[in-house]
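Colleague: I'm new to this one, so please pick a single part and take me through it closely. After that, show me what surrounds it.

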Amino acid sequence: MALICISVLVGSLLVQTFGQQLSQSLHVSDEFITHLFAFVTLHGFALFWMWIFLSEHDVSWTEGFGFNKAPLRSIGLGLLVTAIAVPIAMLVIGGGVSALLKAVGLNPEVQRTVTLIKENQSVPQLFVLGFAAAVLAPIAEESIFRGVLFRALYQRGHRAIAWIGTSLLFALIHFNLAAFFPLVFLALVFAWLYHRTGNLLASMAGHFLFNALNFWLLVAPPKWLEKILNQ
């Protein structure tokens with residue numbers, strides 16, 4: 001956790017030092033560069049810290065996260081369960097939270113990453129954002145939250161904290177009130193997938209599907225879904 005905090009600090013320093021110059025050189029917005037540094041330093045460094053963590057315990061990625069335990073079946077289960085869970089999270093839980101916030105006079109806040117993706121029509125930039133969201137984020141976040149935190153707490157007998165605590169923490173780091181409860185629900189689903197299969201590929205596959213689906217809906221949402229959401 002300390003190393004993750006260091007990653008955030010390094011990302012902030014890099015943005016402050018090189019952000020404006022890099023955005024001018026690449027002819028992109030300052031906000032895109034900020035998000036790029038955030039993804040690279042937080043998720044990219046997290047994978048490097050994870051490699052150090054596993055090396056310190058003399059464990060390989062395959063052994064540590066069970067990648068060799070029925071990989072195809074684990075991936076298939078992850079995709080299937082998440083395909084069922086996503087509509088519940090987005091439409092039922094997310095819709096209920098949004099309606100409640102509006103009922104008390106609060107407008108659900110849109111994440112800056114979401115706005116950046118929706119307003120960005122540059123194919124290269126969308127490719128970078130899509131890769132970071134659908135590939136880099138699931139690998140890094142599942143390794144930390146399910147692969148290490150959930151497993152360590154569960155094995156030490158803190159099962160309630162393992163299930164609830166890591167799910168709450170996962171939702172909190174996304175800093176979005178409207179998405180908090182849907183993300184808690186999905187985090188519990190991802191934890192169950194890892195616990196059920198013993199293979200982190202199951203939760204990674206589910207996380208990938210969720211993020212990829214969200215990215216697709218932001219870039220090219222189907223008209224029938226837009227009508228439902230607008231209603």
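Modeller: Let's start right after helix H2, where Asp58 follows with a positive phi, near 55°. Before going on, a word on what you're looking at: this is a predicted model, with local features needing pLDDT of at least 70 and side-chain atom pairs counting only at pLDDT 80 or more, while totals for chains, interfaces and linings use all residues. Residues are numbered from 1 along each chain as its sequence is written, and side-chain values use heavy atoms, leaving out hydrogens and water.

Back to Asp58. A positive phi turns up here in a residue other than glycine, and Asp58 sits in the loop between H2 and helix H3 (61-65). Helices here are DSSP runs of H or I with at least four residues, strands are runs of E with at least two, and both are numbered from the N terminus. Asp58 counts as exposed because its relative accessibility is 70%; the cut-offs are under 20% for buried, over 50% for exposed, and partly exposed in between, with a 1.4 Å probe and protein chains only.

Now step back into H2 itself. With 27 residues at 1.5 Å each, H2 should span 39 Å, and its end C-alpha atoms are 38 Å apart, which agrees. (The expected span is 1.5 Å times one less than the number of residues.) Several H2 residues are buried, among them Phe32, Phe37, Phe39, Trp49 and Met50. Two histidines, His35 and His43, are on that buried list too.

At the other end, Ser29 is in the loop between helix H1 (2-26) and H2 (30-56). Ser29 is partly exposed, since its relative accessible area is 34%. Ser29 and Gly19 are 10 residues apart in sequence, and their C-alpha atoms are 9.6 Å apart in space.

Carry on past H3 and you meet Ala70, in the loop between H3 and H4. Ala70 also has a positive phi, near 45°, and is a residue other than glycine. At 32% relative accessibility, Ala70 counts as partly exposed.

Then comes H4 (residues 71-103), whose 33 residues should span 48 Å at 1.5 Å a residue; the end C-alpha atoms are 45 Å apart, which agrees. H4 has a kink of about 35° centred on Gly94, where the bend at a residue is the angle between axes fitted to the seven residues ending there and the seven starting there. Gly94 is also one of the buried residues of H4, a list including Ser74, Val81, Ala89 and Leu101. Helix H8 (177-197) and helix H9 (200-219) are among what covers those buried residues. After H4 comes Gly105, with a positive phi near 85°.

H9 also holds Trp216. Trp216 counts as partly exposed because its relative accessibility is 43%. Its partner in the next pair, Ile117, is 99 residues away along the chain, yet the C-alpha atoms of Trp216 and Ile117 are separated by 10.0 Å.

Helix H6 (residues 123-155) gives the largest share of a nonpolar patch, 5 residues. The patch on the surface is formed by Leu79, Phe127, Val128, Phe131, Val135, Ile139 and Phe208, with about 580 Å² of accessible area together. A patch takes residues with over 30% relative accessible area and no salt bridge, joining like charges within 9 Å and nonpolar side chains (Val, Leu, Ile, Met, Phe, Trp, Tyr) within 5 Å. Accessible areas come from the Shrake-Rupley method with a 1.4 Å probe, and for residues only the protein chains shown count as cover. Phe131, in H6, is partly exposed because its relative accessible area is 45%.

The structure holds 1 salt bridge, meaning a side-chain nitrogen of Lys or Arg within 4 Å of a carboxyl oxygen of Asp or Glu. It joins Arg146 to Glu142, with the closest N and O atoms 2.6 Å apart. These two are 4 residues apart in H6, so about one helical turn separates them. Both Arg146 and Glu142 are buried.

Finally, the wider view: the protein has 10 helices and 0 strands. Of its 231 residues, 39% are buried. Among contacts (heavy atoms within 4.5 Å) with a separation of 6 or more, 74% involve residues 24 or more positions apart. The accessible surface comes to about 13,300 Å², 69% of it belonging to carbon and sulfur atoms.
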